[in-house]
Amino acid sequence: MAPKKDVLLQVRDLRIEGYSDEQWIEIVHGVDLTLHRGEVLGLIGESGAGKSTIGLAAMGFARDGCRISGGSIEFDGLELTTTSESDLRALRGSRIAYVAQSAAASFNPAHRIIDQHTEAPIQYRIQKRVEAQEDAMQLYERLRLPNPGEIGFRYPHQVSGGQLQRAMTAMAMACRPDLIIFDEPTTALDVTTQIEVLAAIRDIVDQFNTAAIYITHDLAVVAQMADTIKVLLKGEEIEEAPTEQMLDEPKEDYTKSLWAVRSFKRPQKARPAGPDAQPIVSVKGIEASYGKTKVLDDVSFDVYPGMTVAVVGESGSGKSTTARCITGLLPPTSGEILFKGEPLPPRYQDRSKDQLRQVQMIYQMADTALNPKIRICDIIGRPAQFYSGLRGTALKSRVDELLDLIELEPSKYYSRYPTELSGGQKQRIGIARALAADPSFIICDEVTSALDQLVAEGILKLLDRLQKEFNLAYMFITHDLATVRSIADEVVVMQKGKVVEQGPKDEMFTPPHHPYTDLLLSSVPEMDPNWLTSLLEERGTDQIGEAADV
Amino acid sequence: MGDILQLVLRRLGLGLITLFVVSILIFFAVELLPGDIAQAVLGQGATAETVAALREKLGLNDPAFIRYFHWLGGALTGDFGVSLVSGERVSDAISTRFRNTLFLATYAAVIAVPLSIFLGIIVALLRNTLFDRVANVLTLTSISSPEFFLGYILILYLAVKTNYFPAIASLSADMSFGDLLHRTFLPALTLVLVVTAHMMRMTRAAIINLLASPYIEMARLKGVPPWKVIVRHALPNAWAPIINVVALNLAYLITGVVLVEVVFVYPGIGQLLVDAVAKRDFPIVQACCLIFAATFILLNLAADVGSILTNPRLRHPK
Amino acid sequence: MSNFVIVYYALLIAASCLAAYFKKREIFILVFTLTLVSFFMGIIGGQSALRFITTAAGLLAVAAGMSYAFREFLILITPEGVAKELRTAPLTAAFGMFVICTYAIAGIFAPIIAPFGEAQVISSAFAPADETMLLGADQLGRDMFSRIIYGARNTVGLALLATMLAFIMGALAGLLAATKGGWFDQFLGRFADVIMSIPSLIFALLMLSIFGTNLIVIVIVIAVIYSPRVFRLTRAVAGNVVVMDYIEAAKLRGEGTWYLIRKEILPNSTAPLIAEFGLEFCFVFLLIAGLSFLGLGVQPPTADWGSMVRENATLISFGELTPLIPAAAIALLTVAVNFVVDWMLFRSSGLKEM
């Protein structure tokens with residue numbers, strides 16, 4: 001893939017410091033990096049690994065509150081750490097370009113897309129305005145944007161997210177740079193949109209033989225894009241190897257553990273049989289709307305005791321709205337929700353204390369789900385006190401018991417505040433708070449999507465154990481099909497407020513599928529480096545671009 | 001453009017309603033008087049006949065809401081009734097003074113607005129340097145000082161001790177424009193000092209807020225030179241906050257003007273209001289309050305309409 | 001050229017050379033700017049201007065030293081958690097706290113500190129300063145110094161009372177509106193809009209002209225004028241807290257409104273609310289001072305800084321500083337509170353303002 005083997009970028013012992021609490025703290029501890037012309041390097045790591053900071057440093061740039069404190073960055077023979085700011089500026093945009101995570105926020109809302117595109121080529125006197133615009137249109141065409149002749153004359157907010165991300169890639173290409181830094185370019189996109197952007201980026205980088213640093217936290221994505229993968233952890237390099245080798249035989253324990261994450265899978269349970277088997281929660285034909293826009297249309301499904309129903313869909317599919325209807329936060333406009341055969345009042349204000357107790361919720365963002373000013377013991381203790389009237393030592397022993405259940409040592413965590421805990425620990429506290437009410441049905445809203453993969457796996461295992469222990473029913477809202485595969489018994493697929501398909505998990509994962517389920521399933525990147533290529537061949541190129549980008 | 005027109009019209013409608021409610025408030029506040037106006041004006045010692053006579057003269061025997069519409073109708077045509085103290089028509093007392101006040105406020109605004117926006121942008125660019133910190137302390141000090149403190153300091157050092165400017169800003173009809181500017185320089189400067197500090201701080205905050213957005217970082221990563229980042233990328237998005245800052249501070253000038261007029265014995269509407277309050281001359285108080293409130297509401301309205309019109313997302317709808 | 005001028009410039013230039021030698025860029029810029037300003041001022045104002053600059057610089061240095069010492073003192077006497085916060089306080093904030101403490105002491109112990117009573121006539125009108133009267137006498141022959149001390153009690157006390165009343169009304173309404181939402185929220189919001197669409201001084205004048213100028217009226221009127229501002233801020237702060245998932249969790253648990261406000265929302269809104277209290281205090285304080293200055297606030301013979309400026313204003317035309325002293329007292333306290341608030345706002349916003 002990399003025909004010319006001369007070195008373009010050579011980073012040695014890079015150290016970067018960040019300013020916090022009135023002092024400079026080192027956040028990148030001596031990273032080395034070598035990139036040849038035309039080569040794509042994948043930087044992978046969990047949040048806080050310093051990936052973006054390193055990516056920006058490759059442009060000689062440090063964000064406000066950060067500084068490059070040591071090491072050397074040599075770009076095509078030029079030492080960037082000692083180059084003046086104006087010389088560095090001359091490099092940026094022309095020889096090194098940057099593609100940011102959120103295209104919607106990174107395009108200036110006040111100017112048309114094409115004017116932002118042509119800014120760099122005009123400034124560097126590479127092209128005149130008209131030439132630059134024509135070139136932009138050609139790039140748009142190569143990136144398979146719809147209406148390449150016209151789309152650039154729109155303002156950023158008039159264009160969809162996936163298209164904007166491709167327009168930004170085109171903008172990075174405007175001066176035909178030697179190196180492009182891609183900083184999580186598809187993280188904010190839905191899986192079906194992600195595919196086109198990935199394909200577009202890979203094509204164009206290939207065509208112009210541009211070198212790239214591809215930053216992401218998603219292994220399967222980086223496997224499609226990179227020639228070489230470098231794994232980072234907390235600002236240090238763990239290991240680096242060519243993609244195939246890295247996927248097949250990772251050396252370090254940390255890398256192996258990352259690779260192994262998706263292996264957790266528990267056997268699928270079947271619905272209880274017999275005439276008196278009754279679903280614990282039964283959603284019957286609910287419809288709901290925000291103002292005039294209808295967001296749920298005839299949604300029905302059942303959840304049986306001790307089982308996990310995964311509700312899957314992309315953003316805007318109505319899966320979280322369904323949860324809001326069940327909890328009573330958003331009363332449905334028609335249809336009803338039965339709990340153990342009894343209809344639940346649509347508004348939570350009208351429900352009895354016992355009805356409220358039975359249905360509990362675990363949230364996606366543990367940071368906002370736990371009150372930072374309340375101690376752990378009170379967060380967990382309050383439901384026990386509120387519903388069961390526990391006081392004094394009885395309450396304390398109940399809290400201890402709950403902390404034991406979520407595998408946090410009571411003596412250590414009892415009187416701490418949430419801010420002193422890690423992300424995974426906070427999520428465990430959220431689980432304990434739900435358990436404290438002694439519920440029979442728990443809604444898990446994307447509980448693992450904000451967590452790093454290893455931590456997420458721990459949470460899934462914990463939820464599974466608790467389910468067996470207390471015969472809990474889960475409604476598991478997620479967009480991540482890997483999670484569905486590992487823990488679901490039944491799957492409900494939603495699209496635009498409707499249930500597209502539902503059934504037992506094994507059935508759902510074996511063809512034939514509903515076309516949307518098929519699109520969803522096939523769009524999830526796999527750890528095989530040839531996955532994207534073969535998928536594109538399978539779908540045929542004409543489909544790309546129209547697939548889901550409506 | 002339909003969206004924008006609708007938003008602007010809605011905002012204008014809201015402004016009108018607010019003005020209407022405020023006029024009700026101003027009128028009926030006087031109705032809260034223990035007893036009524038006639039009693040209050042004549043005092044406890046007045047005989048029943050004189051009170052009744054005055055009541056008749058002021059038309060107080062009509063129901064309150066009829067008098068309100070009468071008053072509002074008059075106010076809309078520039079007729080605010082008759083002063084209780086001097087018997088002069090309120091509109092006569094107000095008209096020249098209102099012009100004087102407007103002149104003073106405009107004088108201050110013409111200096112303060114460009115100066116503070118310029119300084120605000122500079123301070124935002126030099127943020128977290130020594131210059132920024134000194135500016136922060138100075139502007140905070142200026143904001144914290146009452147107008148009369150600044151006014152008297154200026155009088156002491158620029159009028160009494162050095163005689164550069166007159167301490168009392170009296171006006172006469174036959175003054176040349178240069179003379180006028182010289183005479184009213186100290187009150188204008190006092191207003192400028194207070195308002196500039198406010199505006200500078202708010203402009204700084206607005207610009208810094210903007211400079212943190214991802215598209216500014218993107219522009220810098222495209223190699224756009226710093227001046228162009230500000231002029232081409234930040235400024236088109238900064239109009240809305242800057243317009244707001246300006247309008248808010250012009251509105252603030254209105255309050256400041258009352259105190260400054262008293263300090264410099266300037267024949268403006270503010271001083272008239274203060275005198276009228278002391279003498280409990282309600283028609284004048286009501287008229288002045290309505291004029292001040294209307295100006296205030298109009299400025300806020302202008303700010304909102306301005307930010308709607310400069311918002312790129314609204315100007316180019318989907 | 002006198003020796004003073006030579007020594008003055010020699011010192012400045014030596015200091016800038018030293019700063020340049022030790023590569024202290026900021027200090028160099030500061031000293032060099034001072035030198036340039038001195039040149040400029042010296043040419044216009046002569047030697048007296050230079051003396052003024054020296055005095056000002058000296059005063060600044062003393063204030064800085066004092067603030068530093070006061071901060072260290074506070075760090076020593078406060079418990080560990082507070083002391084840690086205080087270490088991050090800039091000198092301006094320390095200066096602010098120092099001034100606030102001084103005012104508090106002056107206000108609380110006014111009868112002990114002041115040598116004379118607040119309405120006690122002890123000499124002729126506008127008598128100059130002597131050993132018994134540190135700042136001379138006012139227009140009725142009362143001791144200025146004693147009246148300023150009493151003013152700390154009256155003016156600040158009144159402003160504090162009005163601010164607290166405004167705060168209780170505004171904050172309570174704001175918290176309720178954020179928690180309840182719906183039409184209740186809408187109604188309060190519109191109501192606040194109307195009150196705030198009348199400039200505060202004008203509104204106060206209107207009300208005072210109707211109800212007369214006694215202290216209770218002033219406190220209530222000011223509380224009514226400022227409570228919408230507190231309401232808006234509290235509503236906004238609480239609005240940010242209310243959308244958090246932990247509030248949703250508590251609501252779904254079936255908790256009542258009062259529990260939500262007390263246990264979940266209030267603990268997460270205290271920092272901005274305290275800062276807002278400081279800001280509101282400044283506004284109220286300046287408004288009361290302004291009203292008194294116009295003769296419509298605190299009525300004689302009560303000692304009050306605003307009215308003291310008004311009563312002694314005629315002295316200005318004789319080049320006397322006296323009327324500026326109460327005005328400076330007002331400005332100093334407002335500056336002090338603003339310095340502290342500025343620091344607190346910076347702390348609570350984290351380093352976002354970078």
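Helices (H or I, at least four residues) and strands (E, at least two) are DSSP runs, numbered from the N terminus. This is a predicted model, in which local features need pLDDT of at least 70, side-chain atom pairs count only at pLDDT 80 or more, and totals for chains, interfaces and linings use all residues. Residues are numbered from 1 along each chain as its sequence is written, while chains are lettered from A and ligands numbered from 1 in the order in which they are written.

Q: What makes up chain B, in helices and strands?
A: Chain B has 14 helices and zero strands.

Q: What makes strand β3 of chain A count as mostly covered?
A: A residue is buried if 20 or more other C-beta atoms, placed from the backbone, lie within 10 Å of its own (exposed if 12 or fewer, partly exposed in between). In β3(A), residues 40–44, five of the five residues are buried.

Q: How do you know that both faces of β3(A) are covered?
A: On one side A:V40, A:G42 and A:I44 are buried, and on the other A:L41 and A:L43 are buried. In a regular strand the side chains alternate between the two faces of the sheet.

Q: Why are β3(A) and β8(A) said to pair?
A: Two strands pair if DSSP finds at least two bridges between them. Five bridges join β3(A) to β8(A) (residues 211–216), so the two strands pair, and they run parallel. A:L41 stands opposite A:I213 in β8(A).

Q: How do you know that β3(A) and β9(A) pair?
A: Four bridges join β3(A) to β9(A) (residues 228–233), in the parallel sense. A:G42 has A:I229 of β9(A) as its bridge partner.
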